[in-house]
Amino acid sequence: MSKGFRVFCFQIKQELGQVRVLILFMILAAFIYSYLEPVADLAQAVGEKVSPWAFPHLMNDYICQMVFMVSAVFLFSTAPFEGKAHYYIVQRSGSFSWQLGNVLYILASSLLFVGFIWIFSVISLLPRTKFSGDWGTIWGTLARTNAGNQYDVPFTVFAYIVGVFSPVEAASISFLLEWACVSWMGLVVYLFNYITKKMTGILVASFFVFLDVMIYNSWTPKAYLFSPVTLAQLKVLSGNNLSYGVSLKYAVVFFAVTITFFIVICLVQGTKKVKKWKLKNE
């Protein structure tokens, strides 16, 4: 655990400090701001303040999800993170600790990634924000009227989310589901890149990023059961989709089981490498 944590700290410094990552977060910030600017304009026009609960609504917009997931795949595109110091670190820590450190890095960087989206969604509305524990007038108006069309708000505020969940519930559940989804994508990229020694993981993860749109346009809703991007959206976990088994409970089980499975495979791969290395040296 100690060696794995040191590998994790090394990867945090090595990967998140890269220029490409900083540029990625700058692009995300600009995208979120431009997406929420019409909401601020609406609040100013009607003379109302907007409560800082944009995050769950962004998570339920398919364009936002596509942009965020493509960004997540790009964030982990350098997997399996084998830089110049890779062989030196593996010799010092062992392959198992290397795998453990990389798994911790993927989970932690996914948390930071989603946390950045949440924080900047609040920052983007700050000039017109009123901190409140309820949805407030603006989100209620966008959910129940066509005001969004009049002010060119580029995403839909679903009445189901505003009516069924409190802001804290919607934001918390959306945050956890999004964290799970980003971690899922990161682990898929890492595993397939590591096993094939090619960029196969990027292609596999990209397929799952666009699977949600493909299902919506032409496939059966039953396929939502295998679409992580879909299962990260509260709006899908209701209505007719319940008859196909798509529910919040299923989404939690899906992410818990598959992420655990991916982590176990990573650690088993590390164990195999350690055994081979030991046999070779004996």
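A residue counts as buried under 20% relative accessible area, as exposed over 50%, and as partly exposed in between. By that scale W219, at 41% relative accessibility, is partly exposed. The structure shown is a predicted model, and the points below take up a nonpolar surface patch, the surroundings of T230, two cysteines and the placement of A30.

**Nonpolar surface patch**

- V70, F207, F210, M214 and W219 together make a nonpolar patch of about 430 Å² on the surface.
- Helix α11, which covers residues 200-217, supplies the largest share of this patch, namely three residues.
- W219, one of the residues of the patch, lies in the loop between α11 and α12, and its class of partly exposed follows because its relative accessibility of 41% falls between the cut-offs of 20% and 50%.

**T230 and its surroundings**

- T230 belongs to helix α12, a helix made of residues 228-231, and this residue is buried, because its relative accessible area of 0% is under the 20% cut-off.
- The side chain of T230 is joined to the side chain of S227 by a polar contact of 2.8 Å.
- When residues up to four places away in sequence are left out of the count, T230 touches D212, Y224 and V236.

**Cysteines**

- How many disulfides does a search of the whole structure find? The search finds zero, and C64 accordingly takes part in no disulfide, with the nearest cysteine sulfur, that of C181, lying 14 Å away.
- C181 is likewise in no disulfide, and for this residue the nearest cysteine sulfur is that of C64, at 14 Å; a disulfide would need the two sulfur atoms to be within 2.5 Å, so a separation of 14 Å does not qualify.
- Are these cysteines buried or exposed? C64 counts as buried, because its relative accessibility is 0%, and C181 counts as buried as well, again because its relative accessibility is 0%.

**A30 and F120**

- A30 is found in helix α2, which spans residues 19-46, and with a relative accessibility of 47% A30 counts as partly exposed, because this value lies between the cut-offs of 20% and 50%.
- Although A30 and F120 are 90 residues apart along the chain, their C-alpha atoms are separated by 9.6 Å in the model.

Key
Residues are numbered from 1 along each chain as its sequence is written. This is a predicted model: local features need pLDDT of at least 70, side-chain atom pairs count only at pLDDT 80 or more; totals for chains, interfaces and linings use all residues. Side-chain values use heavy atoms; hydrogens and water are left out. Helices (H or I, at least four residues) and strands (E, at least two) are DSSP runs, numbered from the N terminus. Buried means under 20% relative accessible area, exposed over 50%, partly exposed in between (1.4 Å probe, protein chains only). A polar contact is a pair of N or O atoms within 3.5 Å; within protein, one must be able to donate a hydrogen and the other to accept it, and residues adjacent in sequence count only if both atoms are side-chain atoms. Contact means heavy atoms within 4.5 Å. Patches are made of residues with over 30% relative accessible area and no salt bridge: like charges are joined within 9 Å, nonpolar side chains (Val, Leu, Ile, Met, Phe, Trp, Tyr) within 5 Å. Accessible areas come from the Shrake-Rupley method with a 1.4 Å probe; for residues, only the protein chains shown count as cover. A salt bridge is a side-chain nitrogen of Lys or Arg within 4 Å of a carboxyl oxygen of Asp or Glu.
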